[in-house]
Amino acid sequence: MSATILFTIISLSAIGAVAAIILYFVAQKFKVYEDPRIDQVEELLPAANCGGCGFAGCRAFAEAMVKADVLSDYYCPVGGNEAMTAIADVLGKSVEAKDPLVAVVRCSGSPAHRERVNSYDGAASCAISSSLYSGETGCQYGCLGLGDCVDVCDFDAIYMDEETGLPIVVDDNCTACGACVKACPNDIIELRKKNKKDRKIFVSCVNHDKGGVAKKACSVACIGCSKCVKVCPFDAITMDNFLAYIDPNKCKLCRKCVTECPTGAILEINFPERKVKTEETAKKPVEKAENKEQDNN
Amino acid sequence: MLKTFPKGGVHPEEGKYSANSAIATLPLPKTVSIPIAQHIGAPSKPVVKKGDKVKVGDKIAESAGFVSANIHSSVSGTVVKVDNVLDSTGYKRPCVIIDVEGDDWNENIDKTEDLKKEISLTDKEILNKINESGIVGLGGATFPSHVKLSVPDGKKIDVLIINGVECEPYLTSDHRLMLEKAEEMLVGIQILMKALSVNSALIGIENNKPDAIEHLTALVKDYPGIEVHPLKVQYPQGGEKQLIKALINREVPSGGLPLDVGAVVHNVGTAYAVYEAVQKNKPLIERVVTLTGKSVQKPSNFMVRIGTPVNDLIEAAGGLPEDTGKVINGGPMMGKALNSLDVPVVKGTSGILIMPAELSKRKEESNCIRCAKCVSVCPQGLEPYLLNRLAQLEKNDKLETGGVMDCIECGSCAYTCPAGLPLLDYIRLGKSRVSQIIRSRKQ
């Protein structure tokens, strides 16, 4: 009896020892070396897996950065400069600070400004609607209002305004991952520099039609009149095929173009109210006119 | 038993209200806008400018490459401008706009009605003529015809298939053409046979057009090699791949073309246009368009000059009915609703269908109940419910292996879905994404 138990223990231990030796050599032979820094870098990334960096998830991005010689082409928009400097420290490389970006919607064509000329009853997707026709309004460039940008946002940073039917970006939540930019079939959304106090000036229109055609379709369209180009002291505005574009890197937020735009296509956001002075000067002629009328009476 | 394709298909209400109205010539419009992209392939390059005088049949835009087609003026008059105009794609695209003045034809065109039977041109000359005349597939796909006739080296074509199926409900333009221009069409088929050097041509016609079948069967006795085959009334019998399977029992391989199985398919309208181009020197400047619908006063078939506004056709058929919900370019299954009535008739416009509001509503969407009706009606043997979901989730790799590129966009799945899901809309979206990926892979 005890001999059977002894024999079993010895034979099983022998098999175990042989297997352990084989496994040891196999493990040596097929060992995969993984840079421990990949884990460290991944730890520093926000784990949003949004794809804003251009890679398939944070892990893939971490692997690419560890392999890379210079980090200038790599940027995590969600983690921002903070995460990037921390990563650079881990990797012993340097990184330049980039201006944080934010998504802006370049269309103001609410139903009040842009008349609906037909009604779409197909699948609720901008991509499908745009593959079928130019949309419910006379403007074939503007927002289709079916919310593909909202569907792709991982950060609750964009929602559809019920009144205007246009998407609104929540600046504080937006990480500039660019998912909405890719999702929009009409290329309305743009990532622009996040200025101090979230101040923004941009042409809120992407209509390339000639002035008359654009204006007929939408009362707040850019009509390509070039007035803003002339008034801009910094040469920041260019006119391309009847559409103005303000270069965010040249714009100094002076707001001259905003007052000059005849259709109100250029928006100023998060600025303090204009000085009372301008209001007074605007009012003065009216008062004078009233006075005159009284005089006549 | 009638021939048919083996898998799937549906049978919607036929509604061929205009089947008995003879082809009427529509009066000349005041202005025409002729899009420079009316075909699959590269848009043509305009060769006229503002102020130019043109005659009927003058070339106004030149083919820009092999897969492209010439475009000719359908009227005589003055070119007003080349500008972006809303066309049947639903977008503003470049059109040549011509103010009509009189009806002055290019001298080279033979305007007589007599039937010219003997074919004097060689196969090369025929091909050139077809290319020169801007002929594209008139069934609706508008693929340039000379491309289909230029058989690449190493491929052997042994049969020409003529598509007279007209499986789309409501449409009757091919039906009327087969009745009224049968002889011309048969000569056109002979020309196509000569160009391809084949001895056999099969005309497939759905069995709901007995008069056309009878008429053509009687006539083909004088045309050796041409046969008429009645086919079961089953949508999409007129799909190229379905028609080949039904008539000669060959299956076009996935991702392949009919010429991979030795066949070339042309529409009856194309055969007629080829006759006119080769025998009468007349480029493709007009086509038969059905204007129909349940509430339309006079459902009609019109011979329409390319570029005529759709509104002119509607007026000629008794005006827009009050209960109109949608005006569709094409048939109810594959056609697309128009967003303006000023869009021009183009080479691919086989019909304009006016749907009453009650019939044009989409079914309310609910959840997929996995009934697999879409699977059983898919003529290509695909799983539409699955492709739909994959397309929504942008699983492009799985879409590709699921055979999304084999979808012929016939719409049988969406037609039959009891849950009212927009299956085809999403599948088409997935298909265009996958085809983009495939294209970028080739580069």
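This section describes a helix pair in chain A and a sheet with an overlying helix in chain B of a predicted model.

In chain A, helix H2 (residues 36-44) and helix H4 (residues 80-91) approach each other, their axes coming within 9 Å and crossing at roughly 165°. Angles over 145 degrees count as roughly antiparallel, and H2(A) and H4(A) are therefore roughly antiparallel to each other. The crossing in which H2(A) passes H4(A) is right-handed. On the H2(A) side, the contact is formed by Arg37(A), Gln40(A), Val41(A) and Leu44(A); these residues meet Ala83(A), Ala86(A), Ile87(A), Val90(A) and Leu91(A) of H4(A). Classified by residue type, the contact of H2(A) with H4(A) comprises 7 nonpolar, 1 polar and 1 charged residues.

In chain B, 6 strands form an open sheet with mixed pairing, arranged in the order S1-S14-S13-S17-S15-S16. Strand S1 (23-25) and strand S16 (336-337) of chain B are the edge strands, each pairing on one side only. Strands of a sheet pair through backbone hydrogen bonds, either parallel or antiparallel. Within this sheet, strand S13 (residues 286-292) and strand S14 (residues 300-305) of chain B run antiparallel and are joined by 6 bridges. In this pairing, Thr290(B) stands opposite Asn301(B) of S14(B).

The sheet is also contacted by a helix of chain B. Helix H3 (residues 173-180) of chain B lies across S1, S13, S14 and strand S17 (351-356) of that chain. Relative to S13(B), H3(B) runs at about 125°.

Notes:
Residues are numbered from 1 along each chain as its sequence is written. Chains are lettered from A and ligands numbered from 1 in the order in which they are written. This is a predicted model: local features need pLDDT of at least 70, side-chain atom pairs count only at pLDDT 80 or more; totals for chains, interfaces and linings use all residues. Axes are lines fitted to C-alpha atoms, for helices over the stretch in contact, and angles run from 0 to 180 degrees between N-to-C directions. Helices (H or I, at least four residues) and strands (E, at least two) are DSSP runs, numbered from the N terminus. Angles under 35 degrees count as roughly parallel, over 145 as roughly antiparallel, 65 to 115 as roughly perpendicular and the rest as oblique. A crossing is left-handed if the near helix is turned anticlockwise from the far one by less than a right angle, and right-handed if clockwise. Two residues are in contact if their C-beta atoms, placed from the backbone, lie within 7 Å. Ala, Val, Leu, Ile, Met, Phe, Trp, Tyr, Cys and Pro count as nonpolar, Asp, Glu, Lys and Arg as charged, and the others, Gly among them, as polar. Two strands pair if DSSP finds at least two bridges between them.
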